[in-house]
Amino acid sequence: MNKQEFLDRLRDGLSVLPQKDAEEHLAFYSEMIDDRIEEGLLEDDAVGEIGSVDSIVSQIVADVPTAKNTARQKKKMKSWEIILLVLGSPIWLSLVIAAFSVLLSIYVVLWSAIISLWAVFGALIGCTVACIAAGIVFIPQGNTLSGIATIGAGTVCAGISIFMYFGCKAATKGILLLTKKLALWIKNCLVKKEEQ
């Protein structure tokens, strides 16, 4: 999709907004595409990097307060709703705490697994150094075969530790990505509740 097609579809999607707001968003995305083209991207690639028009429109429309959203924010709870919340709190509050505890324990277990993987990596490095040092000590003492075998074991540990490093690094990146997504999900849940 080229720049003009993207802007036309964006204009159609933003038709529910006031014209001034829609024009501001169109100018912003037009400038963003131009900046990426100046950086050396092709027009289609620059448009593709921005994302889909539908997701952009839905995010912009969700961020703009409308009269309907404003009316929802001003809505007060009725007394019977408050009474039901208070009376039901022993049940729903304990369920919420239990769910939170389970999720937290799963998260802690995942981090424990990552720490354990790094500990195994460290142990392999230690075995590598110890085996090679022991092999070097054995050879001059006349234990040539034992020395060669020990150095070989150290070399095997070194090779395994290289693979282990890349595995640990990938697992750590994965858990950090999970943490980021989880934080964004919690933020979005809290923001939606505030909007309602």
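## Exercises on rings and charges

Tyr165 is partly exposed, with a relative accessible area of 33%; the term covers values between buried (under 20%) and exposed (over 50%), with a 1.4 Å probe and protein chains only. This is a predicted model, where local features need pLDDT of at least 70, side-chain atom pairs need 80 or more, and totals for chains, interfaces and linings use all residues. Residues are numbered from 1 along each chain, and side-chain values use heavy atoms, without hydrogens and water.

**Exercise 1.** Find how the rings of Phe28 and Tyr29 are arranged.

*Solution.* Start with the rule: rings of Phe, Tyr and Trp (its six-membered ring) pair if their centres lie within 6.5 Å, and planes under 30 degrees apart are stacked, over 60 edge-to-face, the rest tilted. This rule gives six aromatic pairs. For Phe28 and Tyr29, the centres are 5.1 Å apart and the planes make 85°, an edge-to-face pair. Next, check the cover: Phe28 is partly exposed at 46%, while Tyr29 is buried at 13%.

**Exercise 2.** Classify the pair of Trp118 and Tyr165 and place both residues in their helices.

*Solution.* The centres lie 6.0 Å apart with planes at 75°, so Trp118 and Tyr165 are edge-to-face. Trp118 sits in helix H6 (residues 79–138) and Tyr165 in helix H7 (residues 144–195), so the pair links parts of the chain 47 residues apart; helices here are DSSP runs (H or I, at least four residues), numbered from the N terminus. Trp118 is partly exposed at 31%. Finally, widen the view: Trp118, Phe121, Tyr165 and Phe166 form one aromatic cluster.

Terms used:
Helix = DSSP H or I, 4+ residues; strand = E, 2+ residues; numbered from the N terminus.
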